[in-house]
Amino acid sequence: MTTVSEITTIFINLAFRYLTRKASATRQPFQTCRTMDFEFSEDEKKFLREVGGFLDENHDPEVMDLHRENLAQLVDTPARRKFMQKLAARGWLGITWPAEYGGQDGQGFYEYLLNEKLSSVGAPQLGKGTGVVGKTLIKVGSDKLKREFLPKILKAEIEFALGYTEPSSGSDSAAMRLKAERSGEGWILNGQKTFTTSAHFADWYWFGARTDPDAPKHHGITLFLLPMQHPDLTIQPMYTIGGERTNAVFFDNVFVHDDYRVGELNKGFQYIAEALDIERFGMFTFSPIRGRTELICDHVKTGSRDGRPLKDDPVIRQKIAQLATECEVARVLGIRFVDAALNATKTPTAEASHYKLYATEFSRRLADATMDIVGPGNQLTAECEDAPIGGRAPGSYVLTVLETIGGGTSEIQRNIIATRKLGLPKNF
């Protein structure tokens, strides 16, 4: 008879194998696709081998740190910047950008594969520059902004911080109050942003401000770019439960020229909303979740408690089977988003929220279950040679909580799904 442990092993192997599969070559929407070809093309296999070889050649514990979970994607040290410049030299930062802006006119699936490979070793990933900032500038930015920023993004010469969240609005970006008032050829800004993760090392600030206080909530917001070294901008550190730094940013009569306004006046929220869909998927890759699922499964296969093998405990066997199944669901929702994005004229909002909500909440449940299954040994960190599952558990336990907040809280994702997918009213 096949044991639950053996079934679990099958699920985990499938989760790994399915990561290296793709939707049909015709890229038909999931809802209408009767048959699917999940095998990689020869070009995609070649690309994966190339990325794998690059990571082997450039292996560096200072750059690649799985213990930081999804915060490993931040380009917050000189070594990480140098690593990104090596990626840029390969032409991998502009895979999906139009050729006229230095890109490759490539498919988004390659971008997905690259991010998954990078996150599987805890390396920095394609970030805000190539995604949120670059793609928005390509669509709505002025010629001046495109000339100034796009080449620097492709060369990994510049890092951005995103300023949406404010103390009074949380994840509700439409409720932002940072005031922008006309002054000559530009704007005077007064107010505060909070939880700006990259503010202490970024070069430029990409943020929204209210330019029309009398407009409806979702209107009257405009996007701007501002150098982080502006003399009237104050950055104060805020440390999270995981020991990572985020920041509060204060604007005190900050002047920004209208040349650094992004897109049309008062349409910033629409740009922010579409960019957030990209961020929600791109920030929370599947590979770290798969890796932690495999770690706890391997621990149960070989570990014991009070002299009895963990794999013989029926409660633990049931929990492992459940986690393996939920891991597979997270994988499928991610592939579903990729497939929908490749077939849509705009980023699929509901699918992005489906994945972000499920994957991050599962990641947190996985961390909780790992603490329960491994027991007191979970208090040992990676510095201890005999720490269970490589000392990964303590960091996962605290950092995965942040995943359910960044890019829009789980409550925000539920509202998006309810209103945009199911036609239901908001719950707040």
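This passage describes helix packing, aromatic pairs and one buried serine in a predicted model.

Three helix pairs were examined. Helix α5 spans residues 129-140, and helix α6 spans residues 143-154. The axes of α5 and α6 lie 10 Å apart. The angle between these axes is about 155°. An angle over 145 degrees counts as roughly antiparallel, so α5 is roughly antiparallel to α6. The crossing of α5 past α6 is left-handed. On the α5 side, the contact involves Gly129, Thr130, Val133, Gly134, Leu137 and Ile138. On the α6 side, these residues meet Leu145, Lys146, Phe149, Leu150 and Ile153. By class, seven residues of this contact are nonpolar, three are polar and one is charged.

Helix α9 takes part in the other two pairs described here. Helix α9 covers residues 314-343, and helix α4 covers residues 108-120. The axes of α4 and α9 come within 10 Å. They cross at roughly 150°. This angle makes α4 roughly antiparallel to α9, because it is over 145 degrees. The crossing of α4 and α9 is right-handed. Gly108, Phe109 and Tyr112 form the α4 side of the contact. Ile335, Val338 and Leu342 form the α9 side. Five residues of the contact between α4 and α9 are nonpolar, one is polar and none is charged.

The second partner of α9 is helix α8, residues 287-302. The axes of α8 and α9 come within 10 Å and cross at roughly 160°. The two helices are therefore roughly antiparallel to each other. Their crossing is left-handed. From α8, the contact draws on Arg290, Thr293, Ile296, Cys297 and Val300. From α9, it draws on Ile316, Ile320, Leu323, Ala324 and Cys327. Eight of the residues in this contact are nonpolar, one is polar and one is charged.

Aromatic rings were considered next. A pair of aromatic rings is described by the distance of the centres and the angle of the planes. The count comes to 14 aromatic pairs, with ring centres within 6.5 Å as the cut-off. One pair joins Phe149 and Tyr260. The ring centres of Phe149 and Tyr260 are 6.4 Å apart, and the ring planes stand at 85°. Planes over 60 degrees apart count as edge-to-face, so the pair of Phe149 and Tyr260 is edge-to-face. This pair links distant parts of the chain, with its two residues 111 residues apart. Phe149 sits in helix α6. Tyr260 sits in the loop between β7 (245-257) and β8 (261-262). Phe149 also appears among the α6 residues that meet α5. Phe149 has 0% relative accessibility and counts as buried. Tyr260 has a relative accessible area of 17%. Tyr260 is buried too, because the limit for this class is under 20%. Elsewhere, ring pairs link Phe47, Phe54, Phe83, Trp92 and Tyr110 into a cluster.

A last residue was examined on its own. Ser173 lies in the loop between β1 (160-163) and β2 (179-183). The relative accessibility of Ser173 is 7%, so this residue counts as buried. Which residues is Ser173 in contact with, leaving aside its neighbours within four places in sequence? They are Tyr164, Ile221, Phe269, Ile272 and Leu276.

How values were computed:
Residues numbered from 1 in each chain as written. Predicted model: local features only at pLDDT ≥ 70, side-chain atom pairs only at ≥ 80, totals over all residues. Heavy atoms only, no water. Axes fitted to C-alpha atoms, helices over the stretch in contact; angles between N-to-C directions. Helix = DSSP H or I, 4+ residues; strand = E, 2+ residues; numbered from the N terminus. Parallel < 35°, antiparallel > 145°, perpendicular 65-115°, else oblique. Left-handed = near helix turned anticlockwise from the far one by under 90°. Contact = heavy atoms within 4.5 Å. Nonpolar A, V, L, I, M, F, W, Y, C, P; charged D, E, K, R; others polar. Phe/Tyr/Trp six-rings, centres within 6.5 Å; stacked < 30°, edge-to-face > 60°. Buried < 20%, exposed > 50% of the residue type's maximum accessible area, 1.4 Å probe, protein only.
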